[in-house]
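Biologist: I'm new to reading protein models, and I'd love a close look at how one helix packs against its neighbours. Could you walk me through it slowly and then show me what surrounds that part?

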Amino acid sequence: MAQGKNPIDPVKLDRLAEVAIKVGLQLQPGQDLVMTAPMSALPLVRKITEHAYKAGAGIVQPVFSDEEITLNRYRYAADASFDKAPGWLFEGMAKAFDGNAARLAISGDNPMMLATQDPAKVARANRATSMAYRPALEKITGFDINWNIVSYPNPAWAKLVFPDDEEEVAIGMLAEAIFAASRVDRDDPIAEWKAHNARLKERWTWLNGHAFSALHYTGPGTDLTIGLADEHRWKGGASEAKNGITCNPNIPTEEVFTTPHSQRVSGYVRSTKPLSHNGTLIADIEVKFEGGRIVEAKASKGEAVLQKVLDTDEGSRRLGEVALVPHSSPISKSGVLFYNTLFDENAASHIALGQCYADCFINGTKMTPDEIAARGGNKSLIHIDWMIGSDQIDIDGIKSDGSKVPVMRKGEWA
């Protein structure tokens, strides 16, 4: 590849921006857009802005982050800084969402950005941010608005995924992997997404028809029973937000998901892929659940950060999401470990610690937080997905009468 040549295909980048607006958000004429992105993703931000205004956007407002600026805080800030967060910024976002602004996040930070920083400071900063972000996050997890996440290849992220390649080559390879997973390597990505959403709907319609009371997982290092919340419903792909707009929150997505019962999880489970969490890699997670709560946890890497995550609040040791993904998903078949949850969670079945989604209940968008909690929905400052599926995991659905129905065998739909 010639030095100085842009390694990112501009045609596919433009398609990704168009898919983000037309499929991810289905942005409506006159609707404002709040977008967060790392500075490295500026080329995608510009393209998304172009497509947003072509779709009739009111105001597109990007909010940027930068790796060096983030690291300068850890290098030079006073200790008290790590218990603070820009609440005014998140209150402004929540106010924008109250006014029906859409939300778009571009993921693409260096997954190892904070790997060498003090885990206690990282945990304190994360907790402060989570608390300050809550008013805005509740609008997202409550599905008040149409929202979407897409990705852009940061150079440090590309080198982590493809360590044996020159940086420029690695960026091009990661870009192609992102484009393929996001279905923008096809001639008509919007038609591709329509067909994909229909396939996911078939899966969650089947699961809802069975109305399982629990799922039972078995495999290496895993014997786990996840009770499902009362009046839960399965979803996946395109979803209608409370504002009436149908959006695809995650691009890419291969999952169908629902809400577990926060008090009814028991047994033990081992992660099948590393979790990249706020700049720290947490590998080989092993946990034991009793009464819905994690009572033992260890990891071969990043264990200190994992323990801090689990101590965030009362709900952080309980589950807020359970998701099913076939081992043969395109992201799994690519063989690429992305070190980015948006992608890696779509290569394997997974669970999430923390906050549940109100939308995963029958009539959940009309329920109060107390009504959601009464049906088993979890509440927490965090929502962190990690992967527990592989080609060695079997999953059975358990009916209320105790009978079992095969759901997955060796990681594939039964």
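Modeller: Happy to help; what follows is a walk from one helix to its partners, and then on to another helix and the open spaces. Please keep in mind that this is a predicted model.

Let's begin with helix H1, which covers residues 10-25. How do the axes of H1 and helix H8 cross? Helix H8 spans residues 189-210, and the two axes come within 10 Å of each other, crossing at roughly 50°. That angle makes H1 oblique to H8, and the crossing is right-handed. To see the contact itself, look along H1 for Arg15, Glu18, Val19, Lys22 and Val23, which meet Pro189, Ile190 and Trp193 of H8. Sorted by class, this contact of H1 with H8 has five nonpolar and three charged residues, with no polar ones.

H1 also packs with helix H7, residues 167-181, at an angle of about 40° and with the axes 11 Å apart. H1 and H7 are therefore oblique to each other. Here H1 passes H7 in a left-handed crossing. On the H1 side the contact is made by Lys12, Leu13 and Leu16, and on the H7 side by Glu176, Ile178 and Phe179. By class, the contact of H1 with H7 holds four nonpolar and two charged residues, and no polar ones.

Now let's move along to helix H5, residues 119-141. Its partner is helix H9, made of residues 303-310, and the axes of H5 and H9 come within 10 Å and cross at roughly 30°. H5 and H9 are therefore roughly parallel to each other, and their crossing is right-handed. Pro119, Ala120 and Ala123 in H5 meet Ala304, Val305 and Lys308 in H9. The class count for the contact of H5 with H9 is five nonpolar, no polar and one charged.

H5 also leads us to an open space. The second largest pocket has a volume of about 380 Å³, and H5 gives the most to its lining, with five residues. Helix H12, residues 369-374, is another element that supplies at least two residues of that lining. There are 22 lining residues, and those nearest the centre of the pocket are Glu138, Gln355, Ala358, Pro369 and Ile372. What is the mix of classes in the lining of this second largest pocket? The lining has seven nonpolar, eight polar and seven charged residues.

Just after that, follow the chain into the loop between H5 and strand E4 (147-151), where you will find Phe143. Phe143 has a positive phi of about 60°, although it is not a glycine. Another backbone detail sits in the loop between strand E8 (246-247) and strand E9 (256-258), where Pro252 is found. The peptide bond from Ile251 to Pro252 is cis, with omega near 10°.

Let's finish with enclosed space. Rolling a probe the size of a water molecule over the atoms shows where empty space is left. The structure holds one cavity of 30 Å³ or more, and the largest cavity has a volume of about 60 Å³. Among the residues that line the largest cavity are Val325, Pro326, His327, Ser349, Ile393 and Met408. The lining of the largest cavity has seven nonpolar and five polar residues, and no charged ones.

Methods
Residues numbered from 1 in each chain as written. Predicted model: local features only at pLDDT ≥ 70, side-chain atom pairs only at ≥ 80, totals over all residues. Heavy atoms only, no water. Axes fitted to C-alpha atoms, helices over the stretch in contact; angles between N-to-C directions. Helix = DSSP H or I, 4+ residues; strand = E, 2+ residues; numbered from the N terminus. Parallel < 35°, antiparallel > 145°, perpendicular 65-115°, else oblique. Left-handed = near helix turned anticlockwise from the far one by under 90°. Contact = heavy atoms within 4.5 Å. Nonpolar A, V, L, I, M, F, W, Y, C, P; charged D, E, K, R; others polar. 1 Å grid on protein atoms, 1.4 Å probe; cavity = no way out; pocket = protein on both sides within 12 Å on 5 of 7 lines; lining within 4 Å. Points joined across faces, edges and corners; volume = space filled by probe spheres on them.
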